[in-house]
Every structure is written in structure tokens, then in C-alpha cells.
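Student: Please take one strand of this model and walk me through its surroundings. I would like burial, neighbours and connections in one connected account.

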There are 4 protein chains.
Amino acid sequence: MGNRTMKALIFSAPGKIELVEKPIPRPGPTDALIRITTTTICGTDVHILKGEYPVKPGLTIGHEPVGVIEELGTAVTGYTVGQRVVVGAITPCGQCGSCLEGIQAQCGGKPMGGWRFGNTIDGAQAEFLLVPNAMANLALVPDQLSDEEVLMCPDIMSTGFSGAESGKIKIGDTVAVFAQGPIGLCATAGARLSGASLIITVDNLENRLRMSREVGADITINFKEKDPVQAIMDITRGRGVDVAIEALGTEGTFQSCMRVLKPGGTLSSLGVYSGDIHIPVSAFYAGLGDQTLITTLCPGGKERMRRLMEIIGHGRVALKSMVTHRYKLSQILEAYDLFGNQRDGVLKVAITPD
Amino acid sequence: MGNRTMKALIFSAPGKIELVEKPIPRPGPTDALIRITTTTICGTDVHILKGEYPVKPGLTIGHEPVGVIEELGTAVTGYTVGQRVVVGAITPCGQCGSCLEGIQAQCGGKPMGGWRFGNTIDGAQAEFLLVPNAMANLALVPDQLSDEEVLMCPDIMSTGFSGAESGKIKIGDTVAVFAQGPIGLCATAGARLSGASLIITVDNLENRLRMSREVGADITINFKEKDPVQAIMDITRGRGVDVAIEALGTEGTFQSCMRVLKPGGTLSSLGVYSGDIHIPVSAFYAGLGDQTLITTLCPGGKERMRRLMEIIGHGRVALKSMVTHRYKLSQILEAYDLFGNQRDGVLKVAITPD
Amino acid sequence: MGNRTMKALIFSAPGKIELVEKPIPRPGPTDALIRITTTTICGTDVHILKGEYPVKPGLTIGHEPVGVIEELGTAVTGYTVGQRVVVGAITPCGQCGSCLEGIQAQCGGKPMGGWRFGNTIDGAQAEFLLVPNAMANLALVPDQLSDEEVLMCPDIMSTGFSGAESGKIKIGDTVAVFAQGPIGLCATAGARLSGASLIITVDNLENRLRMSREVGADITINFKEKDPVQAIMDITRGRGVDVAIEALGTEGTFQSCMRVLKPGGTLSSLGVYSGDIHIPVSAFYAGLGDQTLITTLCPGGKERMRRLMEIIGHGRVALKSMVTHRYKLSQILEAYDLFGNQRDGVLKVAITPD
Amino acid sequence: MGNRTMKALIFSAPGKIELVEKPIPRPGPTDALIRITTTTICGTDVHILKGEYPVKPGLTIGHEPVGVIEELGTAVTGYTVGQRVVVGAITPCGQCGSCLEGIQAQCGGKPMGGWRFGNTIDGAQAEFLLVPNAMANLALVPDQLSDEEVLMCPDIMSTGFSGAESGKIKIGDTVAVFAQGPIGLCATAGARLSGASLIITVDNLENRLRMSREVGADITINFKEKDPVQAIMDITRGRGVDVAIEALGTEGTFQSCMRVLKPGGTLSSLGVYSGDIHIPVSAFYAGLGDQTLITTLCPGGKERMRRLMEIIGHGRVALKSMVTHRYKLSQILEAYDLFGNQRDGVLKVAITPD
């Protein structure tokens, strides 16, 4: 493809992102180049834009790619150019010690080591994307699923479901989910898929609480109307919940999760925290409550993508409806403006090439 | 209650059960006496009737009680006479070594030690039932649930769901369930509750296959029409299933389960086997397939019952429809005749006092 | 035993404990009365004495009993008067919802609900002790084991080992244990028993570090000589540890545990915390490190005691040597003075009747 | 290396192996070529020689390599020529669906798919060996460990330990291991490392039983002197064992394992079976015994090798002594003769280049 260039959205400086022209990258032996057909914007991208999560200026951002294989590295087998694929936000190598012992998101033994797109290498908000360790990460999209139907797989659905999985939700559990943005909604759907018998969710936006009930919540609490901790303790008659899922990333919601947890319960945390967390000794039962606090970074890799697409393909969840707005890549700054300011009831935007 | 007597269905000899009068038992210090308001007949009871599973002549059979507390042992606290309760088929003591390490169905470290009703002590097909270890086993029934709605909890639902639980079904798994009688149907419902993305079930009765689709199967196979092993391998494109559930108790279905299992998969067995099982070395991959074969006896105890009622109460499954026929206790021999011969599309019968 | 009285050590007020005469209790139907033959003092008892952990004035303290059955409740079967028993510090009922789902230390669904002795009911630093739920809690001591050999079972060994168990230590793991008091030493022994290939321990007392090496540590760090976090990162060449065990109960050691944890690692906390805990966002990897933080209250019940005695009986650990000093019950205030002030290299004291 | 050739031991026909000259292979982009410095013969190789496990005539056999990197594929990074490495018998790709979900030995979703060396590709009993998926499989050997010290890692130790791991041995478990050949001895060592409190082993060769006690058995049973099933039930006072490990691969030992298993216990099978297995309904408790039967193929990959070397390096086991005889590659037919006929107390032979 010689010296062709492509459009790419880069982080320039805190508060500033730009759509620029960049050379189309060439795949190394184990890489693949994919042409992006649909991508989206994540809350984490907005953190990056604001400078709250630092990345190198000039980096293309975005980590949620659906596309078509354009070129394969010389050592990549089992794929052909033209196949439609989805790739996880996290791209494990599959071959390091961490990956081989199942801690794929911390690839290479480095914190968040598996999160490369839009973090340590160029990301998906562009016309083309270089996928490292292609054989571990290219997941073929079945013909019957549209780009938009699988667009939640790379991050939103994988992360949200992991809230239920890391919480080890069992049949008959009572579960609370704090915050019902896209991740929280998927955590709710994941809790439902995992056999929870009672799911209580918390947010302050009525459209999110309505959608929460659609994807699986039994009871929704608007925290502007009542104290969610007290409400959950009342609903459970003082018992507390078996599993509490944090889907926002603030000290307040983390503490609320602890306060609604039954002795012996599990707090499954999905949020990205920008500050320290204070654990009150009372909510910690002095360290004697048999509590589990577990954090999870979005599981990636092609097997994870395959499983999530199976869930979608067999109608277990209906998450296509999370795409509330659609933009062309050339309009992506507008899309950021809408999404970053949470205007117009936006949940997720779909970005397609011009 | 002095010397009052009650009606009770006893096993007399292979092929012979009788409705007789027996003294109403008196609770020892840790027992409770309950007045049965609804009970049912299990396939295992038919095995007992036929002499295929030996019990002592004179024993009252049945192990699926819903009733009302009539009298409490002197050491029983936390309950009052008149409360409506359901009791699991398995009644763990909660206090022996096995129970304390979580192997409650093998209470006392004896094979099937937790299965007492209609096996080692008088059972539930009677007007009254003595419940041992009452504090571990009496589960209060919420007012909004009818007897029939909780009638599947003691055995059918607890056993069926355990097929999914012991199989450790994960989100996105492909699952096959062999046999769709009451237990198999609940295994299907349990697989659905556990996040299976594709559920394939096998039986030869069309009404059961129809109900199978209602409770969660994606694809049903009538084994009189095609070879289920071949069909499942075709459906999964040679991959096999992550988890296969055996819900019948024959060597043939056990072997079929092994043959559809992916390398690294789990066979979760619920059936009661009356003969030896032959494992072909080919289906066993010479012992090198990373296979797990696990058997499960119905989980009991009041916490299990509480969780199953939560599942019912929050509408996660609709198993009331399993009761296809209703009889009075005085008509129970008729009910056995219908159920034992699988006439008239029977799934489960409800037995109530005269 | 009529109106006989016994000696018992009670908490009177913060800073004040007293040896008084109390009526010997009479067992209810499911209780047992045991005559204490050996008991000991725990760090938690010193917290109680200082008023840092509140209990009701007049309560007999102590939770580590070895003794002989003196009298059995009318509903207790399977035991005879005169048998020698050890009882866990935590006495689960085995029959509530929490116990039946395996969360025995949080018996009754209440925080620390299983910890009764010397917390919510009279404890073991007395001539006699009433054991609730006797059938779940009386563990027969094999003849070949002395009182002192099993004296660490009720709390020290059960808690310490649980640090390794809750950390899910696997064969080949690298483990750090912060603090090498009696609990920490048992955590070290437990890590060794669980297959850790490299165990690094931290304390500031040389006699404890020496004993640490005897029970299983490969490398010991005196934190007065060097920064343990830096030292552990150096030893592991920047990799961090798979599992860090906190065995003290301070914010500082909790934070140090987090800082030496590899991404994807587990912090297993045993300490009793008297204040809040601050989690620095850096050590928390912004919630994206796939970390597990788990707290454990001492596992109890007779099966746990049986297993620990098996470990001792087969020579897997040699913890008898933890008893460094011996006192009569009438000298117990002296014993508290020595133990509470950590004089004379004390690890554990044995208290026997006069 | 042009057209150079190397010595290699090939399977020619049932009963016939030959040392021949073969071209030295050239690594593809993700492969590595290693020069073998030490290898050994496995019982499985003898099965292959006898034609009991079929491989393609002409294939080089052997799957236990220690060597030095001779040449690296163009896409392999992180290694340099000359480094000393050990490679597992099983070489997972790390990148297929099976590997990514942690079922690495069944790489590619094919039965035993991860077992390539001496099975589906040329093996290690040669002067050079081509290692596929080099980045997932080359494990650097620490300088302080000799070739012989790590020679058990690729198969014997990895397989043996997995018997304990798959059995989920817990602190305080009673474990029986049937057969004390090299794999069984490592299973015994693995059980000891996993916290078993009582380990009972069975064999008929006194030198193996003696070594069994050295690596961790508490009680050894010579099955020529007494019935091991009866003996184990006597030793456990009728309780049975928590975990039974099968380390031979015969129906008889499999059945014996079942017969000594407590209700709720686990049979962890390591053997390679050449015929069907008959499960008696009595030992199967009619399918109601909450039993787990699990088979495990040798775990591979460089992280597994690293962990095993950590175990050796820190002195947790002393398996070097398993090498009882040493041969040059040119004498390998002699080595097979000795090993295949189990002469002269042989456990394992070390094979080094001429």
C-alpha cells in the first residue's frame, strides 16, 4: 500500500484531540492490518482527552474495532484477507508467562499490559488499525451479525460481563450494580445471565434505569431520590447482597458497594479510579468479614470475542440498542462532544468511515 | 397428638406399595413434625416400587414435601407452629464432618447419607412427616408462592440445576442435555440460567422437546429421528460441547455424553444408574483428554430451598407447569399407575391430602 | 453440679481484666460443658483488654480451648463425658443459611457471627466453658497428641493457614508474608504446605525471623534494616509476588502488601484493623490490575480442627514450639502482662488449671 | 547450516526403532531450533515402540528436551542464540481458542492437540529439535540448575504434580497414589507439596516404595503383600480418601481408585489407558456419590516450566535422583532395552549427545 495515508484521531494535549493524516502502518510478521468498518468511543477515551489518563501525544486513540482484514503478517496463518473480524480492546500475546497462566489482561506481567490500542500503540479511531499478535486476537464475525451488533464486544460487554464473572455470581444470588452507563448495563445483563435471582441497580438518569430494567434489573434505584445503601439494606431485609458490582470508578460508589455487601460477600469492581480509595474500617468489618474485593480489566483475545458473539447470536442479550447515535469518522469531534457531555440520552455512538 | 394415626404409602415388596395407617410420629428434640399439604412422585420412587432400588419393607416413601409445621422438637428455635415450609429431598445435619466441608448430600461421610426421606427413614407420601435436623432443613415458603409453585424445589429443580452448577457452565458455553424428563428439563433451565449460549437437548417425546424449548433449549433432537451424537457434532462443527449433562441414568446416554464432549470438557451426570458403565477408551481419549466426569446428588438444606424459591419468586423460571396431573392422597396408587407408565403426557403429579 | 462456681477471667473495663468466681454454666439441649485443661492468650484478647475491641463488661474472655467433656446437652449424641476435645475459636451452628452455603465464620449472616467465645458469650479463660452447637464443634483429640500440641488449632493455626488458602497459593507461587507473630508464622507454614516455591517474610524481631525460617521462609527481611517493598521487588526482579499475606492489621502493612503484588495477584488479609485503610490509586492500578483483596476470619468447626490435628499428627508442621511460656490460671494476669508487652521473646503462653 | 544432518531415533514399525541420519530442520518464522544437550525416555515412548500408541513411521520420538538455542525464527523475539532452555512435552500455541481459555494441552481444540513432540512432529531423541511456537515454549534454565536437575520438568514432574493439582488437594486431605513409577512418585511429591496430611502409596517394587517414602509418602503398600483397597479402607477407618491418584493406566488401578474414594471425593487420573474402562455401579454409588473423575494431560508451556524449575531451585523436591542410568545418544537402543524391560532398578535414564 506504499506511502498511502489514512485519517486517524490523535490525542494532542490535555483537552485536545485532532483528526489527522497518518501513514497506514505495515504489519510485522505476527501482525494484521485491518480496515476499520465500525468503531465507537469509550468513557476511557474521554478520560484520555481530558488528560486524566495520560497517553503520548500523537497517539491514535480508541480500542473498540470492527473491521476487515486488509493485510496479514508473513507468519500469520489461518486467516485470509477480506474476512470480517472483531478485536478485543485488550490484545493478549498468549505466549508470555502472564498469558499462559491465564492473566491475559496483564500481558507481559505489566500492569494493564494487555491494553495496547489507544494506550501504548495506535488505536481504532482511524481508517486502519494494526493488530498485534493477530492469531490470538482476530475473531471472525459470523455473517448473520452486523457490525453494530458486535460493536459492544471489544470492551463494553466483555468488561460488563466480567463484573458478574469475577463476582462469581451463583444461581439464586442477590446482586447490586452501582451505575448504569454502558458498562454497568452490561454488568446487569451479565448478572442476569449468571443466575442472579434479584438484581438491584442504581443510577440517577431515568433513561438508563429504564434500559436497566430491560436488560435484567428487577429493582432500580434513582440515587437522587433515595439513599441507595439504605434502600438496598431495606430490600434485602438487612441481609445485604451476595455480590456488589462497581461500574463507575469513584470512591463513593466503591464505599457504597462495601456497605451493602453481606458478610462473606464479593465486591466486583469494574470502574477506572482517578483517585485514592478510603476503606472505612466499619464497612471492612475490621478485616474479619470474609470479604472479597476484586478488580477486573476487560478480558480480551479471540476466544472471548467468539463467546460474546455466541451470546449475541443466540439472542441471550439485545445490546444493539445501546448504539443511540451514529457518525462518520470525519465527524468524530462532534461525536466526542455529544458523548463526552452525555447529551441527548447518548449511550454509545457508532463511528463508520466516510 | 396421642395415639393418632395417619395415612402413609409404604413399600411392601418389589412391585407392591400400599396405603396404610401408621402412628403419627413424635418429634425428638431436634426434629419437626410437618403436616404435608402437597407432595409428588419421583422417578426414584418408581425404581423403589419395582425393587430396583432396595428399601426396607414398611418404609413410607416419597421425598418431596411441602407442608405446615405441626410440632417442633424441644431444642428447635426460630420457627413457630403453623408456618408453611418446604424441605429438600436431602436433609443434611449441617454438623458432621462432611456437611462442614460442604459435601452435604453425603452427610455423615456415608454414600448418599443425606438422603433420608423414603430411603432410610419414613418419607413424604403421608399425612405427616418427621423432619430430622429441623433447623437446617425447614425453609419458610413466602406467602406469594403456592405449594405447587415450590413443589419442584425439594428434588427436581435442585437436582436439575445442580447439573449446570457441577458442570461449571460459563457464559458462552455450548451445552447438551440428554433426556428431558422433569430433571432434564430443569437441567436445561439451569443451563440457561448459567449463561450457556447454545443449548441442545435430546429426548424422544415431542411434548418434552416442546417444553424443553420453552424452558431454554435452542435446538432439540428427537433421537428416534437422528443420531444425537452425530447431530451434535455437526451442529458444533466438530468442536463438541463444553458441558454435557446426563439426566437419565443409562450407560448409553453416559457414553453419548462422552462422545459429544470437547477435549477439556465436563460431563455432569445426574442419572441414577442401575448397572455398570463401560467407558470406551476412544471416548476417553486414552485418559489424555483433560475430561471431568462429575456426579451430583440433589443438594438439600434450607438455604438451597431459599435460593430456589428466590429464583421462582422473581420469575426466572416457570416450572409450575410441570404439574400436569393432580390427585388426592387416597388416590395415590392411581397416580403411581399413571406416572410409572408415563401415560397421558404426564410430567409431575401433585398429591394433596384428602 | 448444683451451684458450684469456677474461676473465670473477665473484662471489666478498658484496661482492666479480673479473675473472678462465676457460676459454672449448665448446658442447654444442644450445648456441651467442657472442663478446660489448656488454653492460651491471643493478641485479640489484648485488644479487648485495652478497650480497642469492645465487649460487654463481665464477659469471660479467651477463645482457644482444649479440654474434657464434663456434661452434654440432652440432644447431643455421638460423644461421651470424659472425652478430650479441642474447639475452634469460631463455633458455627452448621444449620443457618450462611453455614449451609459455606460462610461459617459469618454464622447467622451477621458480621463475625461465628465468633462467640469471649466476644458474645463467655470464653475459654476459665475452669469451664459452655460450647454451643456442640455436635458441630467438639473435635476429639487423638491420644497421641498432647494439649499443647493442639493448642494452636483453635485460632493461630486455623487463621494462619487460611491466609494461604484464601490466597489460593499454587505450586510454584512466590509469596510474601508481612509480620511474623504467631499468626504470621502459621501463614508462612501454610504457604509452605500449599506449594509456594519462594517465601519471603517480614518482621523486625530477630527471634521471629529465625523461627520464620524454621517453619518455611526462604528469605526473611528485617524492616528496620531495609525497606521490605523495595527488597521484595528486587528479589523478584520487578515481577512482584503472586500472593501477599497481611498478618498484622495495620494500614501500612496492607499498603505494602499491595505494592509488592504482581498484576493479577492476591492480597490475603488476616489482620484485625482498628482504623480505616487508605488504598493509593497507584498501588490499585486505577482498578485495572486484576487484583484480589480478600479477608478471612479464622475457620472453625470440628472438621477444620480434625484436619489441623491431622497436619500436626503426621508431622507436617512443628508448632508446639510456639508455646514459650506456661502459667496457671490463677497467674493469668501475669501471663497477660508478659504477653501483652511482648516481653522475654514470648510467642504463645499455655494456661492450665491450678 | 546448509544440508547438515543429525542423528535421530525414529519409530519404524511396531517393535522397531532405529537411530538414523536426518536433515537438521530449519525454523519457520515462529519456531526455534535447539541443540539437545540432555533428553530421556518416557513410558509412553515404550508404548510407541510396541505399537500400542500409533505414530507415523519415520517420526523421531521423545518429548523431554533440555538444550541450547541454535537458531531462532525470524518472528521470535526475547531470546538469543546460545541460551540454555527446557521445553515442555506439550507445546501449546497460546493463541488458539483452547489455549486462550486455559485448556492448553488440548491445543487447537483437538484431543491431545498440544502434544506434538514425538507424536505429530519430530521429537527430542535427536541431536536437534524444532520447537514450534517458540515464544510460548522456550523456558530459560537458571545457571545454578544442571540439565539433569531440570530433566523431569517437561513431562514427569509436570504430569505428576498435575495429579495433585487436578485433584484439588487441600490442606489436611488424605491421598492415595496408585503406582509409584516416575509419574506416580512425582504425584506423591505433588500431593505432599499441596498440603496432604496423609499420603498412602501403592506399588509392588520395594525400591520404588522406598523412594516413595523419600519423596513424601507416609505409608506404602506393596500390593503383592496385601489388598491395597482393603488396606486403605482400614487405614482410613472406613472413611476412604479425599483424593485418589491413578498413575498407571489400567482398568484395575482405576477401579481401585474408585473403591477407596470417600463419597464426595476426587479421582485424579494420569495414566495412559490402552483399553476400555468398566465402572462398577457399586463403586459409582449408582451415580449419587458426588464423585469427580478427572483426567489430565501433562501441562506445558514456558510458564509451567518456570514454576517447576522454581520448585527445584528452592529445594522443594529432590528429583535429580530419579536419573538412575546415563547413556550417549548412540547407545539409545541399549537405553530402551534397559528402560523398556525395567531392569536394574531403573527409574529414568539421561541421554546426552556423543
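Tutor: What follows is a close look at one strand of chain B. The model is predicted. The strand is E8(B), residues 174-178.

Start with burial. Five of the five residues of E8(B) are buried, so the strand is largely enclosed by the rest of the structure. A residue counts as buried here if 20 or more other C-beta atoms lie within 10 Å of its own. Now split the strand by face. In a regular strand, side chains alternate between the two faces of the sheet. On one side of E8(B) sit B:Thr174, B:Ala176 and B:Phe178. On the other sit B:Val175 and B:Val177. Both faces are covered.

Next, the pairing partners. One of them is E9(B), residues 198-203. E8(B) and E9(B) run parallel and share five bridges. Within this pairing, B:Thr174 lies opposite B:Leu198. So B:Thr174 has two roles in this account: it is buried on one face of E8(B), and it stands across from a residue of E9(B).

E8(B) also pairs with E11(B), residues 241-246. That pairing is parallel too, with four bridges. Here B:Val177 has B:Ile245 as its bridge partner. B:Val177 is itself among the buried residues of E8(B).

Last, the connection. Helix H6 of chain B spans residues 182-193. Together with E8(B) and E9(B), H6 makes a β-α-β unit. The unit is right-handed.

To put it together: E8(B) is buried on both faces, pairs in parallel with E9(B) and with E11(B), and belongs to a right-handed β-α-β unit with H6 and E9(B).

Definitions and conventions. Residues numbered from 1 in each chain as written. Chains lettered and ligands numbered in written order. Predicted model: local features only at pLDDT ≥ 70, side-chain atom pairs only at ≥ 80, totals over all residues. Buried ≥ 20, exposed ≤ 12 C-beta atoms within 10 Å, placed from the backbone. Pairing = 2+ DSSP bridges. Right-handed = clockwise from strand over helix to strand, strands pointing away.
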